[in-house]
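Here's a quick tour of one structure for someone meeting it for the first time. We'll look at some enclosed spaces and then at a pair of helices.

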Amino acid sequence: MSTNAENKYNTPQLIVFCVSCVRINCSCVCIYIILFYVKRMNPPPERPRGMSYPYEFKCLISQLKSTKTQEFINEYTKDSAKLPSENVTEYKYTDAEDMLTELCELYSYGEESTYKSNSEAFEAVIKKLGLPRSWKLLSDAEKMSILMSLANDLDHRNVRVRMRASEGILYIAQGCWADLVDTEEHAESIGFNGILLYHFGIFTSFVDLLKIEVANFHNKKELSENNSRNLRIILNVLYTITEVIRKEKNNICSEYTHHVESFCTEMLFNDESLITILFDMLVRFCDCHTYSYHFPLKKVLLLLWKLLLIALGGLSELEETKKEIRMDNGLPPEHDSSEEQQPDPNRFLDVINLIDLIGESSQRGRVKKRPKVRQEEHNKFLRNARLRFEDSNVKDDDTDVVGLPAPICSSIEIIKKHLYTPLGQRHVEREKLVRSHPDTHPDEIELTPAELIYEMLFPNFNEYMVSLLKVVLWCGKFRTERLFSGRPPISGLAPEADPNSRILYSVVLYIDLFRHNEIILKAVSAILLLLLKHLKLNNVYQFEYMSQCLVTNNVLTILMAFFKQNIAGFVTTLNEIPALNFTECVTGTSEIKADCLNQVCTSTVSSRNMFFCINFLRVLNKLVKWKPARIEHLESFRNSKAILNRLVEIKHDTIKLYALKLLKMQMKYTRKNWRKRHVHLINEIYNRVRLHMNDSFLTYVPPKMTRDKLEDHKDENLLRKDIAEFNERRYGDLEKQQHIDIDFCTRKVVETQWLLPYCLNRAHHELLTQEFLC
């Protein structure tokens, strides 16, 4: 307590005053006064703008900013930073990369010393049981005996014994690499051991261990280095097994489909799912009062991403599910051309088929999707035609064409041919029926994976989205002078610095910091896109609720500020040291030498940077599509069109497509002079982006003729009201559980039947002994 606080609030006088209040039967007033003055004397700490680093990082950071180190870094990065932009065309966008690449991104370069510790823990168990050291030479019974011994130590009361057993299990999950020399053999060993560990129940045991560590983390103000090490070991085992399950799920001919189904069931139908545990850990980390540099944020986000990817499914599964759901709702599948076609010049003679040419590729080697027509666009065209030729309009009639000229009738036939009913429209119609006629049209909720995950996350959905956006805000800085501002998560980054090679270790830290941030952004972007796409397919109101949570927390500004950086050079910059990756360290030497920096990656493009840049562009498109108020907000961002123009210059079809889509949405707000200077962008939009019938994106509407902003906000308010009614009707009970009124009646509290956590019911005696009787 400061001296000023002691002078301002005299503690003896406060006690005397409170005693006098009690004597005059003012106990409630006394309690409030005590709480008020205690709060004033012990104010909560302010939100720090930039927290200081631990001592071991300060030395390396000071060395990193030195002149010699910067010259060394510039010499290393000058080749990869100036790669030609044509090289990005080789990148193929997928849900995730192969298993070994994803496992390499799990470990930081500073964790290389832990590999040997894991091997030593495994050797200690082997020596204790008197078995041969090589895992390949052991029989199935001997392997089971080792797992049984390690599983028994996981339930030990001593934390050191539990963590030593965890290290031995982590070595098994890593593939028992000491006996392997080939990468393919290493991958097979990881896959076999991961399935073996899951079959033996190790995954569930480590989830329980994670709950214990999370409980200890919540009871402390700051996460220590030892607790962080324990968390990293647990998360490494969980992630490795999860990655093996993902690999088996993608394998059509897999022999372990029943393990995959069991894994998905455990994730979705558990009372306390691992997904919610990880989200709660993320919220705890992002809290300004509980922030810790030792928190393994990267591992938490990677595990959360892969769990959602397994539970919900990837892009290919999403498309198949979308076709099935549209057929169940009486809608035809999305009519997109899947083959490369060349336009026939003779077809220009047929005016009726001219619209079909818009949907075909006008450039060699590029597939163009057929145009779509919404129902409201069809009705608007028919209404304008009636007013023009008949000077009348029939309300609620979208089929009568009597009295209209033959060309107009032919145009209407073409429009009907390209008519597309989105699945979200059926969701809205069904919701209106359920609200207006609840007795005759009951709400039948199908327990899909997206529905179950939405129910899990709904009580704290906004907090989860805010935490993800905070991570993007902290990690989306890729300039050296801003790298150490804010709150960079640096758990497990700093290697042991040798005084003789301080510069070399500083360079490794520099590269690993950028690599660390890139992997975190990769996981966050994938989480956001997965949730948006699957929630939109499940129910459009769930998608709109998530979109609203993101937009109200300035996701548009955050992402546009991220793209304001030099993305064109960023996607070709390789922050990677292949010699220090996990697979190279365990099968070769793990010593950091100057020669390891001279090894060049075989790829000429950063796949993870391309991955999350595409994901963030797709998230922006999802959020602002058909939302005039959000499009205006996006357009109001300074130099938004110039930022998107730089993204279009990147020679990758996917990035160019989604950047052009965003430009197309903003085009009607741009003036004529800008369009004259950027005719090539308009040409690219016509060639690549799907067009709608009577699409007037090139028609400039002056500000006086635009829709009133109040009308746009009115649409947003109506949408917000519909979302609130939907959530209240379906998930009102879940929300009330988070806002329980406090009852001070002792008798009612004693008579209440409390539901104990799963881990407490499972091991009540052990936890009681460990926590209270030790």
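Let's start with the largest cavity: α23 supplies the largest share of its lining, five residues. Keep in mind that this is a predicted model. The helix in question, α23, covers residues 502–538. Two other helices, α15 and α28 (607–624), also give at least two residues each to that lining.

How big is the largest cavity in volume? About 100 Å³. Its lining counts 13 residues, and the ones closest to the centre are Y93, D95, A526, L529 and L530. Sorted by class, the lining has eight nonpolar residues, three polar ones and two charged ones.

How many cavities of 30 Å³ or more are there? The count comes to six. A general word on how such spaces turn up: a probe the size of a water molecule, rolled over the atoms, shows where empty space is left.

The second largest cavity holds about 80 Å³ of space. Around it sit Y107, E111, T114, N118, E167, L170, Q174, R229, R232, I233 and N236. Three helices give two or more residues to this lining, namely α7 (112–129), α9 (159–173) and α12 (225–250). Of these, α12 gives the most, with four residues. By class, this lining splits into three nonpolar, four polar and four charged residues.

Here are the two cavities side by side:

| Cavity | Volume | Top contributor to the lining | Lining by class |
|---|---|---|---|
| Largest | about 100 Å³ | α23, five residues | eight nonpolar, three polar, two charged residues |
| Second largest | about 80 Å³ | α12, four residues | three nonpolar, four polar, four charged residues |

Now for the helix pair. You've already met α15, which helps line the largest cavity; α15 spans residues 297–312, and its partner here, α14, spans residues 274–286. Their axes come within 10 Å and cross at roughly 150°. Angles over 145 degrees count as roughly antiparallel, so that is how α14 runs relative to α15. The crossing of α14 past α15 is left-handed.

Which residues meet where α14 and α15 touch? From α14 come L274, I275, L278, F279, M281, L282 and F285, and from α15 come L297, V300, L301, L303, L304, L307 and L308. By class, this contact has 14 nonpolar residues, with no polar and no charged ones.

Methods
Residues are numbered from 1 along each chain as its sequence is written. This is a predicted model: local features need pLDDT of at least 70, side-chain atom pairs count only at pLDDT 80 or more; totals for chains, interfaces and linings use all residues. Side-chain values use heavy atoms; hydrogens and water are left out. Axes are lines fitted to C-alpha atoms, for helices over the stretch in contact, and angles run from 0 to 180 degrees between N-to-C directions. Angles under 35 degrees count as roughly parallel, over 145 as roughly antiparallel, 65 to 115 as roughly perpendicular and the rest as oblique. A crossing is left-handed if the near helix is turned anticlockwise from the far one by less than a right angle, and right-handed if clockwise. Contact means heavy atoms within 4.5 Å. Ala, Val, Leu, Ile, Met, Phe, Trp, Tyr, Cys and Pro count as nonpolar, Asp, Glu, Lys and Arg as charged, and the others, Gly among them, as polar. On a 1 Å grid over the protein atoms alone, a cavity is a set of points where a 1.4 Å probe fits but cannot get out, and a pocket is an open set with protein on both sides within 12 Å along at least five of seven lines; lining residues have an atom within 4 Å of a point. Grid points are joined across faces, edges and corners, and a volume is the space filled by probe spheres set on the points.
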